[in-house]
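Here is a quick tour of a fold, starting with its sheet and ending with its charged pairs. Keep the viewer open while you read.

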Amino acid sequence: MDKVLIRGLSIDTVIGIYEWEKQIHQTLVIDLDMAWDIRAAAATDDYSQALCYETVSNRLTALVTEKPIELIETIAEMIARCVMDEFGAPWVKVRVMKPGAVKHAQSVGVEIERGHI
């Protein structure tokens, strides 16, 4: 299985369940593994056959910052759905990390896999 990867996509957004969190921006860090057959792009050196990580990154940034969201679980599901529905990836693994959310932890987060390989 081929994969297109995005690592450490930082997105500043309004995220959290507490009232004080709803008044500030916090940084989320996103990692994505997206199943994508890269053979056609590699054989032809044709950008139109590739899954463009810049386009995906820009779309996910817009999606996550569109409105305040309380849970990183919701964001993980939104990202997975977007990558599969809008970009046509048959499988995706999404990790959403929230650095500094817990006092003695560097980061906390969730990881999900959706779709089929």
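## Ground rules

Before we count anything, one convention: two strands are taken as paired if DSSP finds at least two bridges between them. Also keep in mind that this is a predicted model.

## The sheet

Strand 1 and strand 2, the latter covering residues 26-35, run antiparallel and are joined by nine bridges. If you want a spot to click on, try Ile-6, which sits opposite Leu-32 in strand 2.

Zooming out, there are four strands in an open sheet, ordered 1-2-3-4 with antiparallel pairing. The edges belong to strand 1 (3-13) and strand 4 (107-115); each has a single partner strand, so one side of each goes without a neighbour in the sheet. On average, and ignoring direction, neighbouring strands in this sheet are turned by 15 degrees against each other.

## Helices on the sheet

Helix 2 (residues 53-65) packs on the sheet and touches strand 1 and strand 2. The direction of helix 2 makes about 35 degrees with that of strand 1.

Then there's helix 3, residues 72-87, lying across strand 2, strand 3 (91-99) and strand 4. Helix 3 runs at about 35 degrees to strand 4.

## Salt bridges

How many salt bridges are there? The count comes to ten. One of them pairs Lys-3 with Asp-33, where the closest N and O atoms are 3.9 Å apart; the cut-off is 4 Å, so this pair counts. Lys-3 lies in strand 1 and Asp-33 in strand 2, so the pair ties together parts that are 30 residues apart in sequence. Is Asp-33 buried or exposed? Asp-33 is buried, at 7% relative accessible area, while Lys-3 is partly exposed at 38%.

Over on the other edge strand, Glu-111 forms a salt bridge with Arg-95, with 2.7 Å between the closest N and O atoms. That pair links distant parts of the chain, since Arg-95 is in strand 3 and Glu-111 in strand 4, 16 residues apart. Arg-95 is partly exposed at 35% relative accessible area, and Glu-111 is partly exposed too, at 40%. Back at Lys-3, salt bridges with shared partners join Lys-3, Arg-7 and Asp-33 into one network.

## One more pair

Arg-39 and Asp-37 also form a salt bridge, their closest N and O atoms being 2.6 Å apart. Here Arg-39 is exposed, with 60% relative accessible area, and Asp-37 is partly exposed at 40%.

Note on methods: Residues are numbered from 1 along each chain as its sequence is written. This is a predicted model: local features need pLDDT of at least 70, side-chain atom pairs count only at pLDDT 80 or more; totals for chains, interfaces and linings use all residues. Side-chain values use heavy atoms; hydrogens and water are left out. Helices (H or I, at least four residues) and strands (E, at least two) are DSSP runs, numbered from the N terminus. Axes are lines fitted to C-alpha atoms, for helices over the stretch in contact, and angles run from 0 to 180 degrees between N-to-C directions. Contact means heavy atoms within 4.5 Å. A salt bridge is a side-chain nitrogen of Lys or Arg within 4 Å of a carboxyl oxygen of Asp or Glu. Buried means under 20% relative accessible area, exposed over 50%, partly exposed in between (1.4 Å probe, protein chains only).
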